[in-house]
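User: I have this model open at the bench and would like a close look at one part of it. Could you take me through the helix that does the most to line the pocket and build the core?

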Amino acid sequence: LYPELTSDEPAISGRVVIDAADMARQMICLIQSETGYAIHDEDELIEALTTHLQLALTRLKFNQKIHNPLEKEIRENYPKWFELARKCTALIEHILKRPVPDAETAYLTMYLGAAMEKAAAKSERRYHVAVLCPAGMSSSVLLASRVEAIFPLVTVDAIISFHQAAEIIQQNRFDMILTTAYIVLPGIPVLTVRPFFPKEDQEKL
């Protein structure tokens with residue numbers, strides 16, 4: 001993703017040196033601080049941003065005009081990430097002492113926005129449950145797969161038998177126990193459902 005370049009203004013006078021990798025790290029630190037999201041593939045993002053910034057900083061130093069054909073769409077569809085990228089470009093503006101055009105901000109939005117979309121998805125609260133099923137392993141597996149297919153934020157961490165229940169529940173932190181037979185377990189919510197997990201049971205969860 002490289003912009004078309006023309007040059008119609010003089011370059012910045014003097015020698016301004018910016019470490020692209022350091023700038024990438026500063027940007028990532030800034031967006032993590034602003035959003036509260038943790039970026040899991042940080043090294044990959046640093047590498048991609050560094051490569052882009054090495055070229056972008058050269059263009060900006062020499063005041064080469066940047067054209068981004070996707071700028072309008074990016075601003076309209078990702079306003080939140082565009083404004084976040086604008087905060088990152090302020091780091092560049094502080095050093096170069098000149099504004100960064102919105103076309104370049106839009107390019108940064110594509111890198112930062114993609115990373116933050118992934119981080120936002122991974123940061124969603126996941127619910128951890130165990131399936132307790134006396135009717136046999138096959139019905140337990142069926143129930144577990146139905147629950148995870150219908151509720152993407154629910155993870156079935158264990159399928160346990162009645163005689164294992166007390167020990168395993170003590171050793172793990174579950175948000176809830178799903179069971180096909182009535183049982184009371186102290187200190188943890190228990191939801192009784194049918195193995196095929198019909199709609200009326202789904203509404204209980």
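Analyst: Happy to; what follows is a walk around helix 5 and the parts of the structure it shares a pocket and a core with. Please keep in mind that this is a predicted model.

Let's start with the pocket. The largest pocket holds about 190 Å³ of space. Two elements, helix 2 (42–61) and helix 5 (102–123), each give two or more residues to its lining. Helix 5 provides the largest share, with six residues. In total 12 residues line this pocket, and those nearest its centre are Asp41, Leu45, Ala114, Ala115 and Lys118. The chemistry of the wall is mixed: seven of the lining residues are nonpolar, four are charged and one is polar.

Now to the core. The largest nonpolar core has 29 residues, and Leu53 and Ile92 are the ones that touch the most other members. Helix 1 (20–35), helix 2, helix 4 and helix 5 each supply at least two residues of this core. Here too helix 5 gives the largest share, seven residues. As a general point, nonpolar side chains in soluble globular proteins tend to be buried together.

One residue of helix 5 deserves a pause: Ala120. Its relative accessible area is 19%, and because the cut-off for buried is under 20%, Ala120 counts as buried. Thr35 is 85 residues away from Ala120 in sequence, yet their C-alpha atoms are 8.9 Å apart in space.

Helix 4, another contributor to the core, is worth following along its length. Helix 4 covers residues 79–96, and its 18 residues should span 26 Å at 1.5 Å a residue; the C-alpha atoms at its ends are 25 Å apart, so the two values agree. Its buried residues are Trp81, Phe82, Leu84, Ala85, Cys88, Thr89, Ile92 and Leu96. The spacing makes sense on general grounds, because an α-helix has 3.6 residues a turn and residues three or four places apart point the same way. Ile92 in that list is one of the two core residues that touch the most other members. Just after helix 4 comes Lys97, with a positive phi near 60°.

To round off the tour, look past the helices to the strands. Strand 3 (residues 127–132) pairs with strand 4 in the parallel sense over six bridges. One of the contacts to find on screen is Tyr127, whose bridge partner in strand 4 is Val154. Strand 4 (residues 154–160) is mostly covered, with five of its seven residues buried.

How values were computed
Residues are numbered from 1 along each chain as its sequence is written. This is a predicted model: local features need pLDDT of at least 70, side-chain atom pairs count only at pLDDT 80 or more; totals for chains, interfaces and linings use all residues. Side-chain values use heavy atoms; hydrogens and water are left out. Buried means under 20% relative accessible area, exposed over 50%, partly exposed in between (1.4 Å probe, protein chains only). Helices (H or I, at least four residues) and strands (E, at least two) are DSSP runs, numbered from the N terminus. Two strands pair if DSSP finds at least two bridges between them. On a 1 Å grid over the protein atoms alone, a cavity is a set of points where a 1.4 Å probe fits but cannot get out, and a pocket is an open set with protein on both sides within 12 Å along at least five of seven lines; lining residues have an atom within 4 Å of a point. Grid points are joined across faces, edges and corners, and a volume is the space filled by probe spheres set on the points. Ala, Val, Leu, Ile, Met, Phe, Trp, Tyr, Cys and Pro count as nonpolar, Asp, Glu, Lys and Arg as charged, and the others, Gly among them, as polar. The expected span of a helix is 1.5 Å times one less than its number of residues. A nonpolar core is a set of buried Ala, Val, Leu, Ile, Met, Phe, Trp, Tyr and Cys residues joined through side-chain atoms within 4.5 Å.
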